[in-house]
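Reader: I should be grateful for a close look at the surface of this protein. Please treat the subject in one connected account, and explain the terms as they arise.

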Amino acid sequence: MKNNKTITNAICDILRDAAASIDDFGIDARFVRNDCPFTDKACEAIEHGGQIKAIDLSALIQHVADAMEK
C-alpha cells in the first residue's frame, strides 16, 4: 500500500500537468457565484495564507473544474 506522501506527490504531479495543459491549450473558465462555505475557506486561505482541510481543497478543485466545463 502506498503511503500518504507518495499519494500526495502523485496528485501534485497530476495537478501540475493539468495546469500546464490548461495553459498550453488556452482553456478558459467562467465562474458563477458560489455560496459554498468550503470554497470560501479555500479562497480565504489563498488570499491570507493558512491551512485548509481536505474537504475545502477538494471543493475548490471541483469548483474550478465545473467552471472550465463547457
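Author: The accessible surface of the protein amounts to about 6,100 Å², and carbon and sulfur atoms account for 56% of that area (Shrake-Rupley method, 1.4 Å probe; for residues, only the protein chains shown count as cover). The model is predicted, so to speak of local features a pLDDT of at least 70 is needed, side-chain atom pairs count only at 80 or more, and totals for chains, interfaces and linings use all residues. Residues are numbered from 1 along each chain as its sequence is written, and side-chain values use heavy atoms, with hydrogens and water left out.

Confidence may be stated before the details. The mean pLDDT (the predictor's confidence in each residue, from 0 to 100) of the protein is 93, and 97% of the residues reach 70 or more. Among the elements, α1 has the highest mean, at 96, whereas α2 has the lowest, at 93.

The surface is carried by a helical framework. The protein contains three helices and zero strands (DSSP runs numbered from the N terminus: H or I of at least four residues for helices, E of at least two for strands), and the order from the N terminus is α-α-α. Along the principal axes, the C-alpha trace spans about 40 × 30 × 20 Å. Of the 70 residues, 11% count as buried (under 20% relative accessible area; exposed is over 50% and partly exposed in between, with a 1.4 Å probe and protein chains only).

One part of the surface deserves particular attention. Which residues make the nonpolar surface patch? Ile7, Ile11, Leu15, Leu57 and Ile61 form this patch, with an area of about 400 Å². Patch members have over 30% relative accessible area and no salt bridge; like charges are joined within 9 Å, and nonpolar side chains (Val, Leu, Ile, Met, Phe, Trp, Tyr) within 5 Å. Two helices, α1 (4-24) and α3 (54-68), each supply at least two of the patch residues. The greatest contribution is that of α1, with three residues. Isoleucine 11 belongs to α1, and its relative accessible area of 44% makes isoleucine 11 partly exposed.

Helix α3 also holds residues that are covered. Histidine 63 lies in α3 and is buried, because its relative accessible area is 16%. Residues up to four places away in sequence aside, histidine 63 touches Phe31, Val32, Asn34 and Thr39 (contact means heavy atoms within 4.5 Å). Alanine 67 is found in α3 as well, and at a relative accessible area of 9% alanine 67 is buried. With neighbours within four places in sequence set aside, Ala29, Arg30 and Phe31 are in contact with alanine 67. Phe31 is thus named both for histidine 63 and for alanine 67. The C-alpha atom of alanine 67 is 8.5 Å from that of aspartate 28, although 39 residues separate the two in sequence.

Histidine 48 offers a contrast with histidine 63. Histidine 48 is placed in α2 (residues 37-48) and counts as exposed, because its relative accessibility is 59%. Its C-alpha atom is 30 Å from that of phenylalanine 25, a residue 23 positions away along the chain.

Charged side chains form one salt bridge (a side-chain nitrogen of Lys or Arg within 4 Å of a carboxyl oxygen of Asp or Glu). The partners are arginine 33 and aspartate 35, whose closest N and O atoms are 3.4 Å apart. Arginine 33 is exposed, at 73% relative accessibility, and aspartate 35 is likewise exposed, at 58%.

There remain the cysteines. Zero disulfides are found in the whole structure (a pair of cysteine sulfur atoms within 2.5 Å). Why does cysteine 12 have no bond to the closest cysteine sulfur? That sulfur belongs to cysteine 43 and is 18 Å from the sulfur of cysteine 12, which is too far for a bond. Cysteine 43 is likewise in no disulfide; the nearest cysteine sulfur to it, that of cysteine 36, is 9.7 Å away. Cysteine 12 is partly exposed, at 28% relative accessibility, and cysteine 43 is partly exposed at 39%.
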